[in-house]
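Biologist: I should like to learn how to read the features of this model, beginning with the ligand. Please give the general idea each time, and then the case at hand.

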Amino acid sequence: MVVYQILGGRRLCGTVTVQGSKNAVLPMIAAAVLTKEEVVLEGCPKISDVEDMAEIVRSLGGTVWWERNALHMNCEKIEKSRVEGALSKRLRASLLFLGSLLARTGEAYFAGAGGCRIGKRPTDLHQRAMELLGAEVFEEDGTIRAKADHPKGAVLCFPKKSVGATENAVLFAVGAEGATRLEHCAREPEVVHLCRFLKAMGAEITGEGTEQITVYGRQGKRLLSGCRYRVPGDRIAAGTYLLMGAATRGHLTLSGAPLDEMGAVLSLYQKIGGQYTRKSGTLVADSKNVQHAVPYVETEKYPGFPTDLQSLYLAAAMTLEGKSCICENVFEDRLRTAEELQKMGGTLQICGKWLTAEKSRLHGAEVVSQDLRGGAALVSAALAAEGFSTIRQTELVERGYERHPETLRDIGAKIPVE
Ligand code: UD1
């Protein structure tokens, strides 16, 4: 178990180079099995979720190696189409091999997804998409077996917007015969990045970033070409450091932040009193005047306020004057971090999917990370609190944040090395 000890009460000041996007790169790793040629992902974050996806590629017969910050993959030989449970249950994004393996080999066996425990997280939309594109799908207790001898393009309307199901459908549709029109798609930037990456591999796709994406399949020629691609900056990691800066009234320069994808969090930052300037991919954020809570914040699909930053705002909200009511609309069980924050003196009320946070006198405490972003929120509260905090299970945090304690130390956090 990874444990962070944090001495709070210090402003975070300095420069953070924003890491490559976790949620953009994980589908790209799943997409690497769509080609026999080498794929290079430059600026790939060195985080455990990436290592776990890479391990799955190796288990299927591919080779994966690092050259400095570039992840290289060669899937010339894909010998298996089984993703074993010991690997698949480490993270949710393993589910994306369902679409790419079906496209590459015509079959896929998937022993169940893992990932953060933030709600039920069913896979019905993924399975339905595979079926509509011509796969036979059998599911039992989370294990999915799918077979597709002649996948064919189709028109598919998602009953609910899902980032992962949109990505999975695109991955499979690339190997199907003819055009596939996907309607009511997720518009998240990570979907756009996956489509751009696939286009760099030779796929024909239009409409990414809108609710209607069209994929022109390979007409029987299933394989794409290799490519070299730069992973975009991580909007959630950038938002995390921005809100940690707010919680500690710091002054941060975030270089490589994908500012065009951060509208909702930047607008919230301004409302609480944060001031920022932006210069070609660099955000300079001054939190000295951060003071007032935003009365109502609700998480929504993109371009709304992201669910992944809900707990980070919650941590900051406890340092602000006034009350914040936060409504979690995307995942039904993403409020457990609030109970840990209460141990640090947080004045929080939880009622269904609503949370109310008030200005609190935060003190150090022993707390346990409940999920990746929730763990980062505990770190943020510990940075803002008086005294020492011990945060357990921070391996969950390291699933998504590269060199997290080191990055925080570089901007002034007191996190003694064990
Ligand atoms: C992705 C992100 C995650 C982010 C989330 C929402 C990755 C690796 N993860 O997760 O960080 O918080 O988008 O922006 O990119 N749903 C169903 N049936 C399904 C699939 C989803 O009902 O088959 C529901 C989910 O339970 C949830 C909602 O749809 O309530 C949205 O989930 P989805 O967009 O699929 O999230 P993920 O792709 O899992």
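Modeller: H5 gives the most to the shell around the ligand, with 3 residues. Helices (H or I, at least four residues) and strands (E, at least two) are DSSP runs, numbered from the N terminus. H5 covers 124-132, and H5 and helix H6 (163-173) each supply at least two residues of that shell. This is a predicted model, in which local features need pLDDT of at least 70 and side-chain atom pairs count only at pLDDT 80 or more, while totals for chains, interfaces and linings use all residues. Residues are numbered from 1 along each chain as its sequence is written, and side-chain values use heavy atoms, with hydrogens and water left out.

Biologist: How many residues surround the ligand, and which are the closest?

Modeller: A residue is near a molecule if one of its heavy atoms lies within 4 Å of it. Here 18 residues surround the ligand, the closest being Asp124, Ser162, Val163, Asp308 and Val330. By class, the shell holds 7 charged, 6 polar and 5 nonpolar residues. In this scheme Ala, Val, Leu, Ile, Met, Phe, Trp, Tyr, Cys and Pro count as nonpolar, Asp, Glu, Lys and Arg as charged, and the others, Gly among them, as polar.

Biologist: Which atom of glycine 164 should I examine beside the ligand?

Modeller: A polar contact is a pair of N or O atoms within 3.5 Å. For glycine 164, a polar backbone atom is 2.8 Å from an oxygen atom of the ligand. Side chains take part as well: a polar side-chain atom of serine 162 lies 2.6 Å from a ligand oxygen, and one of arginine 92 lies 3.4 Å from a ligand oxygen. The ligand taken alone exposes 740 Å², of which the protein buries 89%; accessible areas come from the Shrake-Rupley method with a 1.4 Å probe.

Biologist: How should strand pairing be read?

Modeller: Two strands pair if DSSP finds at least two bridges between them. Strand S23 (residues 388-392) is a useful example: 4 bridges join it to strand S1 (residues 4-7), and the two run antiparallel. Glutamine 5 stands opposite threonine 390 there. S23 also pairs with strand S22 (residues 366-368), in the parallel sense over 3 bridges, and valine 368 has arginine 392 as its bridge partner.

Biologist: Which strands pair with S21?

Modeller: Strand S21 (residues 354-358) pairs in the antiparallel sense with strand S19 (residues 323-327) over 5 bridges. Strand S20 (residues 347-351) pairs with S21 in the antiparallel sense, also over 5 bridges. Within S21, threonine 356 is the bridge partner of cysteine 325, and leucine 355 that of isoleucine 350. The hairpin of S20 and S21 has 2 residues between the strands, and glycine 352 takes a positive phi near 60° in it.

Biologist: Where does histidine 184 lie, and what is its phi?

Modeller: A backbone torsion is best read together with its place in the chain. Histidine 184 has a positive phi of about 60° although it is not a glycine, and it lies in the loop between strand S11 (179-183) and helix H7 (189-200).

Biologist: Which residues does the cis peptide bond with omega of about 10° join?

Modeller: That cis bond joins tyrosine 302 and proline 303. Proline 303 is placed in the loop between strand S18 (296-298) and helix H10 (310-317).

Terms used:
A polar contact is a pair of N or O atoms within 3.5 Å; within protein, one must be able to donate a hydrogen and the other to accept it, and residues adjacent in sequence count only if both atoms are side-chain atoms.
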